[in-house]
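Please open the structure in your viewer and keep the selection tool at hand. The tour proceeds by short selections, each followed by a description of what is found there.

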Amino acid sequence: MLQQTQVSRVMGRYPRFLRRYPTVEDLAAASADAVHESWAGLGYYARARNLHAAARHVVDHLGGVFPEDSAALARLPGIGRYTAGAVASIAFGADEPAVDTNVARVLGRVFRVRGRRGSAARTTALWRLASRIVPPKRAGDWNQALMDLGATICVARRPRCPVCPVASVCRSRPR
């Protein structure tokens, strides 16, 4: 629900969604219309369709057990590399990177990664870098910290460099 949606918009809906679908089996058994109705107001309805399809896949093909590694997670409908890394690291403690837009911006600035934003070469370089610096046994915390840093301090426009906790090592900070 939080993917490309502000926390404030999700806060009231998430608990209701979990009450309606407390298990992956409940979500898988629901009709597409019911899931769509539960998602109403959040936009990006493809996310709801993909979540529903992933739940059905987990129930129908994986015995109701979510895979714990990012490669297996990425094979679920609607789960890409970023989401697979985030889920594997945060939910299952896997030592996996999770590079979203915020993390890419932070890493790109701190390490002054060259290349055009969004290019395949730069994206590959950022994922390689992220893979090398993930702290063992702390990947979930690390990934969340980078996401938060990019969402609150190292923002796209007018980054707040004077209060940034990594300003002293940032290769892009104003001198």
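Begin by selecting Asn 102, Val 103, Ala 104, Arg 105, Val 106, Leu 107, Gly 108, Arg 109 and Val 110, which are the buried residues of helix α8. Please note that the model is a predicted one. Helix α8 is mostly covered, with 9 of its 10 residues buried. What covers these buried residues? Helices α9 and α10 are included in the cover, α10 spanning residues 139-152.

**The ends of α8**

Select Asp 100 together with Asn 102. Asp 100 caps the N-terminal end of α8, where one of its side-chain oxygens lies 3.1 Å from the backbone nitrogen of Asn 102. Next, move to Arg 112, just after α8; this residue takes a positive phi of about 45°.

**The crossing with α9**

Now select residues 101-110, which form α8, and residues 120-133, which form α9. At what angle do the two axes cross? They come within 10 Å of one another and cross at roughly 85°. Because of this angle, α8 is roughly perpendicular to α9.

To see the contact itself, display the side chains on both helices. On α8, the residues involved are Ala 104, Leu 107 and Gly 108. On α9, they are Arg 122, Leu 126, Leu 129, Ala 130 and Ile 133. Sorted by character, the residues of this contact comprise 6 nonpolar, 1 polar and 1 charged.

**Two residues of α10**

Proceed to helix α10 and select Asn 143, which is located there. Is Asn 143 buried or exposed? Its relative accessibility is 2%, and therefore Asn 143 counts as buried. Add Ser 89 to the selection: a polar contact of 2.9 Å joins its side chain to that of Asn 143. When neighbours within four places in sequence are left aside, Asn 143 is in contact with Gly 85, Ser 89, Glu 96, Pro 97, Ala 98 and Val 103. Among these partners is Val 103, one of the buried residues of α8 visited at the start.

Finally, select Gly 140, which also lies in helix α10. Gly 140 counts as buried because its relative accessibility is 8%. If residues up to four places away in sequence are not counted, Gly 140 touches Ser 89 and Ile 90. Ser 89 thus appears again, having already been seen in contact with Asn 143.

As a last step, display the C-alpha atoms of Gly 140 and Gly 93. How far apart in space are they? The C-alpha to C-alpha distance is 6.3 Å, although the two residues are 47 residues apart in sequence.

Technical notes: Residues numbered from 1 in each chain as written. Predicted model: local features only at pLDDT ≥ 70, side-chain atom pairs only at ≥ 80, totals over all residues. Heavy atoms only, no water. Axes fitted to C-alpha atoms, helices over the stretch in contact; angles between N-to-C directions. Helix = DSSP H or I, 4+ residues; strand = E, 2+ residues; numbered from the N terminus. Parallel < 35°, antiparallel > 145°, perpendicular 65-115°, else oblique. Contact = heavy atoms within 4.5 Å. Nonpolar A, V, L, I, M, F, W, Y, C, P; charged D, E, K, R; others polar. Buried < 20%, exposed > 50% of the residue type's maximum accessible area, 1.4 Å probe, protein only. Polar contact = N/O pair within 3.5 Å; in protein donor to acceptor, adjacent residues only side chain to side chain.
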